[in-house]
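Student: I have a model open and want to learn how to read it. Can we start with a helix?

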Amino acid sequence: MSNIESLVSEWLPLPDVAELLNVSITKVHGLLDERAVVAVRVGERNIRSIPALFIQDGHVVDSLKGTIAVLGDAGYTDEELIAWLFTPDESLRGRPVDALREGRKTEIRRRAQSLAW
């Protein structure tokens with residue numbers, strides 16, 4: 001098991017994402033292309049999947065796209081940015097992904113921007 005697979009407890013294959021979002025698989029590929037979400041290959045079958053916590057109440061977490069952009073601009077790969085989002089941070093009292101789900105995007109984006117320096 002890779003480090004990222006140990007950090008993220010639940011993964012969703014792309015067809016499952018389409019079902020949860022009530023959209024076509026083509027739309028899920030569009031979300032990946034526009035970097036609203038990111039996917040990595042995980043598991044024994046090496047299937048492209050996204051962390052389940054990227055979906056909230058039938059939608060992609062609102063502040064995820066901008067955070068992905070900031071981390072990407074800082075040079076993070078998709079796997080690295082998922083690892084950063086899911087690594088506990090004592091100063092946050094949790095993980096960045098949890099803070100995003102709680103609506104605390106400004107704090108997370110500020111931290112992500114500091115990574116580029």
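Tutor: Yes. Keep in mind that this model is predicted. Start with helix α4, residues 64-73.

Student: Which residues of α4 are buried?

Tutor: Leu 64, Thr 67, Ile 68, Val 70 and Leu 71.

Student: How do I read that spacing?

Tutor: The general idea first. An α-helix makes one turn every 3.6 residues, so positions three or four apart point the same way. Now the case here. Look down the axis of α4: the buried residues fall within an arc of 165°, so they line one face of the helix.

Student: What do the buried residues of α4 pack against?

Tutor: One strand and three helices. The strand is β5 (59-60). The helices are α5 (78-86), α6 (96-101) and α7 (105-114).

Student: What follows α4?

Tutor: Gly 75 comes after α4, and its phi is positive, near 95°.

Student: Let's try α7. Which of its residues are buried?

Tutor: Ile 108, Arg 109 and Ala 112. Their arc around the axis is only 95°, which puts them on the same side of α7. Turn to the other side of that helix and you find Thr 106 and Arg 110, both exposed.

Student: What covers the buried residues of α7?

Tutor: The cover includes α4, α5 and α6.

Student: Ser 114 is also in α7. Why does Ser 114 count as partly exposed?

Tutor: Use the cut-offs: buried is under 20% relative accessible area, exposed is over 50%, and partly exposed lies in between. Ser 114 has 44% relative accessibility, so it counts as partly exposed.

Student: How far apart are Ser 114 and Leu 71, in sequence and in space?

Tutor: They are 43 residues apart in sequence. In space, their C-alpha atoms are 9.7 Å apart. Leu 71 is one of the buried residues of α4.

Student: Now pockets. What is the volume of the largest pocket?

Tutor: About 150 Å³. Then ask what lines it. The lining includes Leu 21, Lys 27, Leu 31, His 59, Val 60 and Lys 65. Two elements, α3 (25-33) and β5, give two or more residues each.

Student: What classes of residue make up that lining?

Tutor: Six nonpolar, two polar and three charged. Asp 62 and Lys 65 are among the lining residues.

Student: Where does UniProt place a domain?

Tutor: An unreviewed UniProt entry puts "domain: DNA-binding protein Rv2175c wHTH" at residues 10-55. Over that stretch the chain is 37% helix and 26% strand. The C-alpha atoms at its ends are 11 Å apart.

Methods: Residues numbered from 1 in each chain as written. Predicted model: local features only at pLDDT ≥ 70, side-chain atom pairs only at ≥ 80, totals over all residues. Heavy atoms only, no water. Buried < 20%, exposed > 50% of the residue type's maximum accessible area, 1.4 Å probe, protein only. Helix = DSSP H or I, 4+ residues; strand = E, 2+ residues; numbered from the N terminus. Arc of directions from axis to C-beta. Contact = heavy atoms within 4.5 Å. 1 Å grid on protein atoms, 1.4 Å probe; cavity = no way out; pocket = protein on both sides within 12 Å on 5 of 7 lines; lining within 4 Å. Points joined across faces, edges and corners; volume = space filled by probe spheres on them. Nonpolar A, V, L, I, M, F, W, Y, C, P; charged D, E, K, R; others polar. UniProt positions renumbered as here; feature names shortened; annotations may be inferred.
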